[in-house]
Amino acid sequence: MRLSRRGLILGGSAMLAGCASASAKAPLTAAATVAPVVPPAAPIQTVSVTPPPLDPRGHVRKELMERAMTALDVHHHKIPLRDRMYLVDFQKFSGEERLYEVDLVAGEVKVLRTCHGRGSDPSHSGYAQRFSNTPDSNMSSVGAYATAGASWGSQQGPNVLLDGLEYSNDKARERAIIIHGADYADPDFLAREGKLGRSYGCFSVAHTDLPELRERMGEGRLLFAWA
C-alpha cells in the first residue's frame, strides 16, 4: 500500500498534535492529585508553676501550722474558702503578736494581737494556762472554728461571728465567743500595762485592727486556736 507524502505529513502532524495535547494536560492532572503539604504541629509546652512557700519568714509555730492545715481538710465541708486562714497561738504571751492571717495563695503571713479569756489566766500573768468549752467559764476555747460573717452586738458593737467545729469549742455560739474590738486590746493599754487585758473568752483585738479583719474574715474561713 502506498501512502502519499501529503498523507504522511498530515498523519504525522495529527500524531504530534495529539502528543502535545496529552503532554499539556498531564501536569494539570498530576497537580490536582498532589495533597497539600501541612507543616508539623508545634509541640505543646507545659508550664509548671511552683506555689510560693507558706510562711517564708517563719512567723507561725510549725505544730500550729500543721494542725491548722489538717483542720482545713477535716472540716472542708464547713470551710469552703481556702484563700486564707486565721491562727491563734495561745502559747505566746498576750503582749506578743499571736493572731496570724495566713495567705494560702501568696504564702505571706500578717501578724496581729489578740486577747484570751480571764478564766484561762486567773492570775493575769499574760499567759493562757487552761481552756474550756463550758458556758460562764470565761475561758478561751481551742480548736477549729468557721468564720460566720460580720455582725453587730449591742455590747461589743461590730464583730465577727464564729461557729465552733469541735467538741472543744462547739458551744461558741451559745457562749457568744466572737471577734470584737476592745479597749484592753488597744496599743495604749499594752504600752501602759505591758500586756493585753482579758476577755470573757472572746478573741478581742485592737479597735484599729477590727474593720479590715472583719471584712477579710468574712464567712466560711478557718480560725484555728491552739496552745
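Student: How many strands form the open sheet here, and in what order do they come?

Tutor: This is a predicted model, and in it 8 strands form an open sheet in the order 3-2-1-8-4-5-6-7, with mixed pairing. The edges are held by strand 3, residues 109-112, and strand 7, residues 203-205, each of which pairs on one side only. On average, neighbouring strands of this sheet are turned by 25° against each other, if direction is ignored.

Student: OK, and how many helices and strands are there in the protein chain?

Tutor: The protein chain has 5 helices and 8 strands. If you follow the sequence from its start, the elements come in the pattern α-α-β-β-β-β-β-α-β-α-β-α-β.

Student: Let's take the 3-2-1 end of that order. How do strand 1 and strand 2 pair, and over how many bridges?

Tutor: Strand 1 and strand 2 pair in the antiparallel sense over 5 bridges, and one of the pairs to look for is Y86, whose bridge partner in strand 2 is E101. Strand 2 also pairs with strand 3, again in the antiparallel sense, over 4 bridges, and there L99 has L112 of strand 3 as its bridge partner.

Student: What sits between strand 2 and strand 3?

Tutor: Those two strands form a hairpin with 5 residues between them, and in that hairpin G107 takes a positive phi near 90°.

Student: Is strand 2 mostly covered or mostly open?

Tutor: Strand 2 is mostly covered, since 4 of its 5 residues are buried. A good residue to look at is V102, which lies in strand 2 and counts as buried because its relative accessibility is 0%, where the cut-off for buried is under 20%.

Student: Which residues is V102 in contact with, leaving aside its neighbours in sequence?

Tutor: Once the residues within four places in sequence are set aside, V102 is in contact with L54, M65, D83, R84, M85, L87, E108 and V109. Take R84 from that list: R84 and V102 are 18 residues apart along the chain, yet their C-alpha atoms are separated by 5.4 Å.

Student: And which strands does helix 2 lie across?

Tutor: Helix 2, residues 62-74, lies across strand 1, strand 2, strand 4 and strand 8, and it runs at about 145° to strand 8.

Student: Moving to strand 4, then: which way does it run against strand 8?

Tutor: Strand 4, residues 143-153, and strand 8, residues 219-226, run antiparallel and are joined by 5 bridges. To find the place in the structure, you can start from G143, which stands opposite A225 in strand 8.

Student: What about strand 4 and strand 5, how many bridges there?

Tutor: Strand 4 pairs with strand 5, residues 157-164, in the antiparallel sense over 7 bridges, and the two form a hairpin with 3 residues between them. Within this pairing, A146 stands opposite D163 in strand 5. Strand 5 is in turn joined by 3 bridges to strand 6, residues 178-181, and these two run antiparallel; here the bridge partner of L161 is I178 in strand 6.

Student: Different topic: which residues of helix 5 are buried?

Tutor: In helix 5, residues 210-217, the buried ones are L210, L213 and M217. Seen down the axis of the helix, the buried residues fall within an arc of 70°, so they line one face of helix 5. On the other side of the helix, P211 and E215 are exposed, and just after helix 5 comes G218, which takes a positive phi of about 55°.

Student: How many disulfides are there in the whole structure?

Tutor: A search of the whole structure finds 0 disulfides. C115 is in no disulfide, and the nearest cysteine sulfur to it, that of C202, is 9.9 Å away, whereas a disulfide needs the two sulfur atoms within 2.5 Å.

Student: Are C115 and C202 buried or exposed?

Tutor: C115 counts as buried because its relative accessibility is 0%, and C202 counts as buried at 6% relative accessibility.

Student: Last one: how much of the protein chain counts as buried?

Tutor: Of its 227 residues, 40% count as buried. The protein chain exposes about 13,400 Å², of which carbon and sulfur atoms supply 57%. As for contacts with a separation of 6 or more, residues 24 or more positions apart account for 58% of them.

Terms used:
Residues numbered from 1 in each chain as written. Predicted model: local features only at pLDDT ≥ 70, side-chain atom pairs only at ≥ 80, totals over all residues. Heavy atoms only, no water. Pairing = 2+ DSSP bridges. Axes fitted to C-alpha atoms, helices over the stretch in contact; angles between N-to-C directions. Contact = heavy atoms within 4.5 Å. Buried < 20%, exposed > 50% of the residue type's maximum accessible area, 1.4 Å probe, protein only. Arc of directions from axis to C-beta. Areas by Shrake-Rupley, 256 points an atom, 1.4 Å probe, with all protein chains shown as cover.
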